Structure formats: C-alpha cells, structure tokens
Amino acid sequence: MRFAVSLLTVLGIASIIGTVLKQNEPYPNYVIKFGQFWFDLFEKLGLYDVYHSVWFLVILVFLVLSTSLCIYRNSPLMLRELRAYREGATEKSLRAFSHRASYTVAASAEARARIVQFLTQRGFRFKPVQQADGSELIAAKAGSYQRLGYILTHTAIVVICVGGLIDGNVPFKLQELLGYKKVETLDIPENEVPAISRLSVRNLSFRANMTLPEGASSNVSFMRIRDGYLVQELPFRIQLKQFRIEHYATGQPKSFESDLLIIDPDLKEPLAHTISVNHPLIYKGIAIYQSDFQDGGTKLDLNAYGLFGAKDQPIKVQSNIFKNVTLGEGEQALKVEFNDFRLFNILNLSPDGKGKPHNVGPNITYKVRDTQGQAREYVSYMQPLQLDGRRYFVTGMRATPQDELKYLRIPADDDFSLQGFMRLRATMFDPALHEEIARRYTQDAMGDKADAEMRNKFQASVVQLLQGFDAGGYTRVARMIEEAVPEPQREKAAQTYLKIISGATLEAYKLGRERAGLKTGELDTNTQIFLQDSLNAMSDLFFYGAPFYLQLDEFQQRQASGLQLTRSPGKNLVYGGSVLLVLGIFAMIYIRERRIWMLIKPTNEVLFTMSANRKNRDLDMEFEQYREQLRRLLQSE
Amino acid sequence: MNTILFEDHPQPLLKRLRWQDWLYAILLCAGALFAYQQYGAYMDAYEKTFLIGAALGFSYLGWQWKPMRLLIPGIAIISLFAIQLYQADLARAEHAFLLKFLISSQSAIMWMNVLFVLAMLTYWFALFRRSEFSGKVATSLTWSAVLMGFVGLMVRWYESYLIAPDVGHIPISNLYEVFVLFCLITALLYLYYERRYETRQLGGFVLLVINAAVGFILWYTFDRQANAIQPLVPALQSYWMKIHVPANFIGYGAFSLAAMVGSAYLLAERGILASRLPKLEVLDDVMYKAIAVGFAFFTIATILGAMWAAEAWGGYWSWDPKETWALIVWLNYAAWLHLRLVKGLRGSMLAWWALVGLLVTSFAFLGVNMFLSGLHSYGTL
C-alpha cells in the first residue's frame, strides 16, 4: 500500500518533468539548449522520452504488481465483509456503540414484526439470531456493494496499466535489451535499413508514421525512437491519390482530407477510402489517421536576380521542393536546398496588430549553403505584401534556426514587379555608370555657374560616394565619414552625404529608365518613397547573406499527407478498465454501507445500534431520523 | 401503527411527484418532439439519442432538484425569444433594442458578469449583517446570473450559425466560452448545495472564485477581443467535444467549489467568522461531497477524452502535457479521497489540501495552455 503510493508519487513527479521538458525533440536541439554535459546526463536518465524510459516502465510494472498483490490479499476479506451480517455481536459490544438508542416496548413479538417491516422498507437485509439468554438479535445491513468499489477500482488500475503497457513499446524495449532489435540512426533509404531495425507485420502493437506524396504509395511506416527510427512493415500498401485542405471564408483551415487506396492481395480490388481528422480508417486492425501534411515536391519556376552585378535581368531556375540547385562555380558555388512550399499564409500585417489576419499568398522556404557547409535559411513570399499601405517583396533570413527571421523589404514598382528595383540597383551598382550619374547630378546641383575646378572636385567626390555605397551600403558610407571628417562636423557631413546619395539615386533612376527605353514622368511622392525604400533595401543587401534574390514566378503544387498508423490491442483492455473504474468510483462514493443491530430482549427492551464503515454526517443524520421513527413505531399502541 | 409506517416509509420517486413535475416533464418532451419533427431529418443517430436523452435527463434532474423546473424553461423561452428577434440577421444584435442591451449573446454574458459581481457583494453583506433577507436576494441574483449566462451561450450557439452555416458549433470550443461555462457550472453546483444544506453563508466564498473567472472574461473580452466567434479547427470537429468538455468543467467547477469551502473551513477553524459560518462538520461534509462529484465527473471526462484522442490523434494516451496534468489532478484527488475514506482523515489538513488542489487544477486548466505546448493547443492565451 505504502509502496504503491510512493510509486505513484514518483510517477507523478516524472510525469511533470515530461510536461516541462519538451519530449522527443531532435537531439541537436537539446544539445543547444542544455550544453553537452547536461545533454549527456539527461540522455542517460532518459528525460527526452520519459514515458518510454526503462525506469518509468519498471515503475509502472511494479505498480501493477503491487496493486495486484493488494487485490489478491484484500479481496477475500472484502467479499467476506460484503456477505457477513456480523450477527456475532454481543450485547456488551453493542452497548459500546456511539450511535445507539433503547426503547421499552409493550410486546416483543409485535415489536419484532414492526422492526422487520421497518428494515425491509428501507432496503436492509437482515439475519435474526437467537441468543443464549432468550433475546433475539436482528443483524441488518444495506449498501454492502460499496465494498465492490474497492475491488473494481483497484482491478481497473491494473487492467488499464496492463493495456497501456501492451500498447506502449514494452515489447520493443525487451527485444532491444536482449539485443534482437536496434534503433537505426542513419538517414538511409528505407530498403537499405537492416533487418535488425525492422519490425515485421506480426508486431503486436505500434504507432508509426508515413508521409506519402500525392500519387505515391508505400507499405512501410517509420517509428521515431529517441534519436533514430525503426521501420514498421505493413500487411498492405497505401497509395495517396489526393490530399485536400478546405478553408473557411476567414482563411482558417476547415478540413484535412486524404483520398487513400488500400492495395492488398487479399482484396479483389483496391479499397478506396477518404480519411480526415477525427475520421480514421481501420483496416486489418490497423487504424490509419490523418495526422499532418507537408509539401510533396512542388515544382518551382524561379527568377534568380544577381544582387551586386550590373545585370538587371534574372536567370530562370527550375527546381522542386526537396531538390537542390547549385548556383555559381568553384569556391563561390552555393547550393540552394528547397525545403518547403506553402500555398496559404495567414498573416496579420496591420501596423498595430489589431486588424484582421488574411491570406498573403504562397511562400517558399529554402537554405543557401556554401562550400564550407554553412547555411542560411530564407523564407520568401511570392507576392508583394502590403505593409504600411505600400507593397514590398519580402524575404526573411536567418543564420541559425534559433534566430528570429530578419526581413529584407524590396519595394514593388508601379507594375507590382521587382524589375523597377532591380533596374535601379543594377544602375547604381554599375561602376561604369558612376561617372555619368555623378556628372548628371553635378549638373543638376550646380547648374552652369560653378567653375570647372569646383565642378570636377564635386563630381569626383560624388563618384567616390557612389563607389562607397556600392561597396557596402550606408555602413560603408558611415565609415568613410568617420575616417575623413573630424568628430564635430560628422553630423552635418552625414546629412550632406545622404542628400547627395539620394540625389544621385534619382539620377540613377532616370538613367536606368532611359537605358531601358522608358520615359520618366514628373517626380511625385510615390516615386520619392520608392526611391527611398530602394536605397534602404540596397543598403540592406549587404546583410542579406546571398548574392542573388530568388523570386518564385510559377509553381505546380504537389502535397504530401502525413499518416499515422497504429495497432493497439491494449485499447479494449483500457476501455474495459475504464468502465470498471467508473463503476468502482460510483460504488465507493455513492453507495453507503450501513449496519443496524436490533436486540430484542425478553425484558421488553429493544436496543437499536447503527454503524457505517465511514463515520460522517450522513450516518449521524440517518441515525437521528431512524431513532425518531423507531421511537414512534415501537412506542405507539 | 400502519399509518406511522406509511408516513415514515421512504416513498419512491414517482409517487412523490406533483402535477408541476409532470407538467415540466411533458413540456420538455413536447419540446423534444417538436425539435425532432422539425429537424429530425438532419440528425444522425447520435443526435437523436442525445435529444431523447436530454428530455429524459433534464426531466429527472428537475424532479430531483426543483428549481431546475423553472431555470430550464426560462432559458428556453428567453433564448427562443432572442432568436426570433434576430430575424436571421447577425447585424441586428447591434440594432434591435432588446438584443443590443439585454439578450444578444454578448449582452447576456455581460449581464451574467454584472449579476455575479452583485451576488457576491450581497452574499458578503448578508454574511456580515446576518441578514436572511439579503441572503435570499443574493441567491436570486445568482440564479439570474446563471439564467443570463445560459441564455448568452444558447444565443451564441445560434449566432455562430448566422456567421456561416459551416462555422456554427456549440460554444464550448475556446477559452472564452469555457470560462463562461465554468462560471455557470460552479454556480449551479453551489446553488444545489446551498439549498441542500441551507448554507447561504458560503455564497461569498464560492462567488469569489466565480468572480475571478468573471474578471478573466472581462479582460479577455476588452483587451483581447476574444469574444469573437471563431470557426472550429478540424481536430475539434467531433461530437466527443460536446460531452468531454462539459464533463471536464463539472470536475473543475466542483474542485473549485471544494477549495472555497475549504478556505471557509480554515477561517472558521481559527475563529474568524466562525459564528456566522456553518458548523465545521457541515463545511467538511460539503467539501467532501463536492470533491466526490468532481472526481467522478473528472474521471469520466478523462476517459471520454481518451476515447476522443483515440479517434483524433491516433492513440488514447499520448502523454500530451494536458493529459499528463489531468492525470496529476486525478491522482491528487484520488489521494485526497483515499485518505478521507480509507484512513478516516478529517479536518484542516484536507481543507488545506483542497485549496492546494485548486492550484493544481488551475495549472492543468490554464497553466498548461500558457506555459507548455502540446496537442491541446486550442485555448492559448
């Protein structure tokens, strides 16, 4: 008993640890969180999967054993109590009861008849016993089935735990301890996984996952265990015909559905069935659930814009999700790994965050990896997003998964395209055009009045500034100021420099359009803001981490459905145990065991005593009531 | 003699019923029949069972606990009246006078909040002034709050279908809605014990915890606009929700009630308010009865949750933080009952424990959603 309670306490504490520490994360995440020392310690303690660790299961087994022992030892006693009338009570012991009353009656035979009727009406069963001194003891009881409550609840705990242990991975744990099975930790194709890491179709219970792209089929699933996995073979093949997400008018997902085809030699023709969340398919004792979804290799057509050269036209790149593309050559080669495509993105873009979230269209997630293996992650939206009333092409970037995404915002031009910015950027970053931009700007700023020397000097410094901006954006310009200008004049110099840069940008804008054969109209506020945003974006390019910008041009979506497959033969045990548990609890709480002894003495005295196995107010109140009722019953004529 | 035996004899329930009881039951059955006749074609077997079950179940409840015979028809009449006022146009909640100020779901729930606050103040006033009349007023206020709260939920249910037919769902699906449910269930449980034990003095204590929830509802409404009706995510589109959530909240409500009675017990034991509060053994008994009810329903709710999980998540038990904390709450109260029933423990120890139990329960209810992540991520703050 005490042992069981201690075990339960330990289980409780272990369970709390399991809720506080996120379970079953990829192991590198833990290393980053705790550092190597604690990671190793926690791993030895099995804290990353508390509920399946050996010690947790051992405690559960002990709990089952200890509770079973308890039932084995106490049930006979309980059942005896359930049947017993305790007719052996002596007058002396009855007189020691706290709940007792005595009455004087006229005739004991008449009194006996009334007592019998009294007890029967109140649902008491009784057993009369003649005593040696001529008196008669009527031992009565009601609510004896309360005792069953103990047996039922304790049996329920054992049954539920056994069911849970069967469905947990105890069978696998045993096989692993004995060396028959081993977790595979290498990322290799399924058919190369050795037999020691495969579980056959005969495996009693499992909970495994399968990711199926549309059109694909498979007859194996994967069980993630600690930092590796096992392959679970299935007695049939599942094909995914189509995966669908439906949305509410507000954009939130309404349903996830997969059209499946079960291909099984035992079937005359494949079985078609659609599963959705809350509506699994159960076939051959294996339940197939709609669990999650992901991309299944969407085809992507991309425009790759160079960010630092003089070229403003993109090159076309074709790829799909999970396929890599290499851009550049030799040491400069960069591998682009496309990880995810999302058709719908519900974002709240209102400045105060109080507006309605809405769908902003598709985005892609990709990593850019250099020859050293260093990678940055990018999240790029296909369509320009509306921010503060203007439209921007937005791409988030981060160097490590722990960082927040930092966003590059490129202003969309009047045609909602990237081209306007890219043309301006190419002009600004073309060293061959710096002279021309500077000349035009000088002409604008000074007119014809200034002398040639002044003019040349000014023009040369504009070129220098353009070169500086070209080499490192505002940061570089700030450094130039720091190097060349003494501290007190810096602020003023910065203002002048900024004014020159934005003036030169306007010239670059006109020049770029001229070269592209476009007319430039009146300079309005719209264009001014566009130019300012473009300048900021150009300066931010130096922190973008990649020398190209990938813009999603077209796509052909292919989805994959995440299925969960389970076989849990322990489920019926658990449900059966649950029924026992509820019955037991109601019996324990709402059936009250009460006993009454009526001792009818030859001296015409009647002794009434009452007891319950639980002393509480109900007993007090019921006793008071009975005492009064008996008084009226026995002492009336 | 026979007359005495007859008078004292505990009568079976059916013989104790009066004409009002029968009228009430007939009314409920007629309502159910009407609903069946109107909408039977759209119901599946499960919904039909529930319709019949509700008519029978609420009849029985009303027979056992007489005030229900007024409350349930009252909720029905006012809700139906409100629905009529809508004329199938959600915008009328802002225009029609009665809807705007009284019985649109938002207004009704606001009235519930106000009435609960007033009820609490009146209960405390009655306690300090030993005023029986004020106590009765407080009880009536609490009943009115319950009435308005249920009307609010019923109308909200209807409103959700006005937004769009596919959005419509029972209003127990997010934190805002279940907080209203929590207030109502806790208040009903209290009102039951108040009548049964004639203990108006406890009202102030129990209404404290209800008003804490009211405070949360107000903050949630005004600061987070969480009162907006949101469509159901796919995982919640299941009939299990309709029984799992209410069963759980009977548990939470009963545990909270027990904790507040426990606090009254601790005060009375130290002589504070002792002359005004019920006797210690009455407090002890109410506390026990509340935990017993809560435990039974919490067990059922957890089992129902497991059965739902088996259908939605692919396993009846996934050691999801919410599940695990439900287990911890369950073990906590199992130990409480065990010590009381088997070891005969009584008194302040159990009262303290019931109070601490409220902390554990609150963490399972709210803390898990706030601090831990998992499959139960519907009610995030």
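Reader: Why does L531(A) count as partly exposed?

Author: This is a predicted model, and in it L531(A) has 18 C-beta neighbours inside 10 Å. Buried takes 20 or more and exposed takes 12 or fewer, so a value in between is called partly exposed. The residue sits in helix α12 (residues 525–540) of chain A.

Reader: What makes S502(A), T505(A), L506(A) and Y509(A) contacts of L531(A)?

Author: The test is C-beta atoms within 7 Å, and those four pass it once the neighbours within four places in sequence are left aside. Take L506(A): 25 residues separate it from L531(A) along the chain, yet their C-alpha atoms are 7.2 Å apart. Don't mix up the two distances, because the contact test uses C-beta atoms.

Reader: Which parts of chain A do the buried residues of α11(A) pack against?

Author: They pack against α8 (419–428), α9 (431–446), α10 (452–484) and α12 of chain A. Among the buried residues of α11(A) are T505(A) and Y509(A), and both of these also touch L531(A).

Reader: How do you know what the span of helix α11 (residues 490–515) of chain A should be?

Author: The expected span is 1.5 Å times one less than the number of residues. For the 26 residues of α11 that gives 38 Å, and the helix reaches 36 Å from first C-alpha to last, which is close. After α11(A) comes G517(A), with a positive phi near 80°.

Reader: And what span does helix α2 (residues 27–45) of chain A have?

Author: Only 14 Å between its end C-alpha atoms, whereas a straight helix of 19 residues would span 27 Å. There is also a kink in α2(A) of about 115°, centred on G35(A). G46(A) follows the helix, and its phi is positive, near 70°.

Reader: Why is F416(A) called exposed?

Author: F416(A) has 11 C-beta neighbours inside 10 Å, and 12 or fewer is the cut-off, so exposed is the right label. Its phi is positive, about 55°, although F416(A) is not a glycine. You'll find F416(A) in the loop between β22 (406–411) and α8 of chain A.

Reader: Over in chain B, what makes Q225(B) exposed?

Author: Just 10 other C-beta atoms lie within 10 Å of Q225(B), and the limit is 12 or fewer, so it qualifies. Q225(B) is another non-glycine with a positive phi, near 50°. Its loop runs between α11 (203–224) and α12 (240–269) of chain B.

Reader: Why is chain B said to be as compact as a globular protein of that length?

Author: Chain B has 15 helices and 0 strands. Its radius of gyration is 22 Å and the globule rule gives 21 Å for 381 residues, so the two are close and the description holds. The C-alpha trace spans about 55 × 55 × 40 Å along its principal axes, and buried residues make up 43% of the chain.

Reader: How many residues does each chain bring to the contact?

Author: Chain A brings 47 and chain B brings 40. On the side of chain A, α13(A) gives the largest share, 9 residues. By class, that side has 19 nonpolar, 19 polar and 9 charged residues.

Reader: How far apart are the centres of domain 1 and domain 2 of chain A?

Author: They are 67 Å apart, taken over C-alpha atoms. In the domain assignment, domain 1 covers 85–144 + 591–635, and domain 2 covers 173–204 + 206–296 + 559–567.

Terms used. Residues numbered from 1 in each chain as written. Chains lettered and ligands numbered in written order. Predicted model: local features only at pLDDT ≥ 70, side-chain atom pairs only at ≥ 80, totals over all residues. Helix = DSSP H or I, 4+ residues; strand = E, 2+ residues; numbered from the N terminus. Bend = angle between axes of the 7 residues up to and from the residue. Nonpolar A, V, L, I, M, F, W, Y, C, P; charged D, E, K, R; others polar. Rg over C-alpha atoms; globule rule 2.2 N^0.38 Å. Domains from an automatic or database assignment.
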